[in-house]
Amino acid sequence: LRKIISPQVLYFNFSMIRRSAITVLIIGTLFLGVYFAYAHTDLGKPTGFVNDFAGVLLPQEKQALEAKLTNFKESSGNEVAVVTIKTLDGDTIENYAVELFSEWGIGEKGKDNGVLFLAAIDDRVMRIEVGYGLEGALTDAQSYWIEQNVAVPAFRTNSFYLGIDGVVDKIISAIQGEVVPSESRSVVRGNRTNLNLFFWVPLLFIWGASILGRSKSWWAGGV
């Protein structure tokens, strides 16, 4: 057996196995890092159309918003949900909104006619997430304009009810066919692209290095 399998061959095979194991471990760790970086906090089940986890609304303010959104649901069939949280815990507002929208099933099943207004108070970010069934009535550009021109000025002075109520009114107006101004969200999308590159470029580099490392070239030593 020793004559058939030389020590050099055994060492080479062991080195390949070790490099492959290390590569798999690194890639697995990066994937877990990406998963936990984008995993939003479980908020449980909604208790109505207004869920104020950040505690920025007075009871009568929450009740007034709840009544307005209930009436809108009954008259139009469309659902608008308002959620405030203190922090995203390292998540992005875009991912958190998408995950929460899907988890709570905002809008009627099969129609996807829901809208979510999410505000992370301590992080000072917000997002209007629109279901596919309402994208023609409330575009991404209109949503961004509402955020920047209605919610942000009110939130800067801690007038949270004023800002949220104004956002709700504009969302309802847009869905009902009234004209709402538009503003580009291209800067935000650019930041999301950069974030995705930050995660995927190292993965591609490690994958390429693992392939080259299997050869006997000068690269193997570096790997």
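Start with what lines the largest pocket: twelve nonpolar residues, three polar and seven charged. Here Ala, Val, Leu, Ile, Met, Phe, Trp, Tyr, Cys and Pro count as nonpolar, Asp, Glu, Lys and Arg as charged, and the others, Gly among them, as polar. A pocket is an open set of points, on a 1 Å grid over the protein atoms alone, where a 1.4 Å probe fits, with protein on both sides within 12 Å along at least five of seven lines; lining residues have an atom within 4 Å of a point.

Keep in mind that this is a predicted model, where local features need pLDDT of at least 70 and side-chain atom pairs count only at pLDDT 80 or more, while totals for chains, interfaces and linings use all residues. Residues are numbered from 1 along each chain as its sequence is written, and side-chain values use heavy atoms, leaving out hydrogens and water.

Which element gives the largest share of that lining? It's α4, with six residues. Helices (H or I, at least four residues) and strands (E, at least two) are DSSP runs, numbered from the N terminus.

Now for the sheet. Four strands form an open sheet in the order β1-β2-β3-β4, with mixed pairing; two strands pair if DSSP finds at least two bridges between them. At the edges sit β1 (50-52) and β4, each pairing on one side only. In general, strands of a sheet pair through backbone hydrogen bonds, either parallel or antiparallel. For β3 and β4, the pairing is antiparallel, over six bridges. One bridge to look up joins L116 to its partner E129 in β4.
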